[in-house]
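Here are a few notes to read alongside the structure, for anyone opening it for the first time. Take them in any order you like.

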Amino acid sequence: MDLAALADPERMFPEVPGFDAPTLLRAFAQRLVAQGTVRDPEDLYHRLWEREQLGSTGIGHGVAVPHCKLGKIDEVILALGKSADPIDFGAVDGKPVQLFFVVISPEKKPAAHLQCLSAISRWVQDEDNVQRLVAQTDAHSMYRVLQGDAAPETAADGASGAAPADPG
């Protein structure tokens, strides 16, 4: 599954208010309702919070993937946001979280839900991707990073030219 195909600049939020998981999830729900993605902010919030109570969706590297399923949508919805300051989200690595991928899937498409979660997990394994997203200050630049259009700050190609370590 291609994350860029699910992405929409209207669902990129460069600053989501919240000092803890409940306030951040509520802010996401309100923003997604305000932009027309879903209709009921309380239902979305409760479903996200209910899932969070089963176990943290903080996957490490400063990233969390709050997710839930809704019956009144036809396709997977992906929203992306950053908190102004990292917050404790109970991540598996114990580190605070600043980058949030919110996934809302149709109840009748469990495979699509799992494919999206898997694609996010693979994408964030490249810490450069995470760092580039955190550095963005507007929705369109966040969107471009997710599409792979935004290059890292440096032009280095990753080759160090260093000799291998002496084995002996």
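1. Let's begin with Cys-68. In this predicted model, Cys-68 has a relative accessibility of 6%, and because buried means under 20%, Cys-68 counts as buried. Cys-116 goes further down the scale: its relative accessibility is 0%, so Cys-116 is buried as well.

2. With cysteines in view, you may wonder how many disulfides a search of the whole structure finds. The search finds 0. As a reminder, a disulfide is a covalent bond between the sulfur atoms of two cysteines.

3. Next, have a look at helix α3, which runs over residues 41–54. Its 14 residues should span 20 Å at 1.5 Å a residue, and the C-alpha atoms at its ends are indeed 20 Å apart, so the expected and modelled spans agree.

4. Which residues of α3 are buried? They are Leu-44, Tyr-45, Leu-48 and Glu-52. These residues take up an arc of only 100° around the axis, and therefore lie on the same side of α3. Turn to the other side of α3 and you will find Glu-50 and Leu-54, which are exposed.

5. What covers those buried residues of α3? The cover includes the helix α2 (21–34) together with β2 (58–60), β4 (67–70) and β6 (97–106).

6. The start of α3 deserves a glance too. There, a side-chain oxygen of Asp-40 comes to within 3.0 Å of the backbone nitrogen of Glu-42.

7. Moving past the helix, Thr-57 sits in the loop between α3 and β2. Is Thr-57 buried or exposed? With a relative accessibility of 4%, Thr-57 counts as buried, because the cut-off for buried is under 20%.

8. The surroundings of Thr-57 are worth tracing on screen. Leaving aside residues up to four places away in sequence, Thr-57 touches Arg-51 and Glu-52, then Val-63, Ala-64, Val-65, Pro-66 and His-67, and also Phe-89. One of these, Glu-52, is among the buried residues of α3. Thr-57 and Gly-90 are 33 residues apart in sequence, while their C-alpha atoms are 7.9 Å apart in space.

9. Finally, please check His-61, in the loop between β2 and β3 (63–64). Its phi is near 60°, a positive value in a residue other than glycine. His-61 has a relative accessibility of 34%, which means that His-61 counts as partly exposed.

Methods: Residues numbered from 1 in each chain as written. Predicted model: local features only at pLDDT ≥ 70, side-chain atom pairs only at ≥ 80, totals over all residues. Heavy atoms only, no water. Helix = DSSP H or I, 4+ residues; strand = E, 2+ residues; numbered from the N terminus. Expected span 1.5 Å × (residues − 1). Buried < 20%, exposed > 50% of the residue type's maximum accessible area, 1.4 Å probe, protein only. Arc of directions from axis to C-beta. Contact = heavy atoms within 4.5 Å. Polar contact = N/O pair within 3.5 Å; in protein donor to acceptor, adjacent residues only side chain to side chain. Disulfide = S-S within 2.5 Å.
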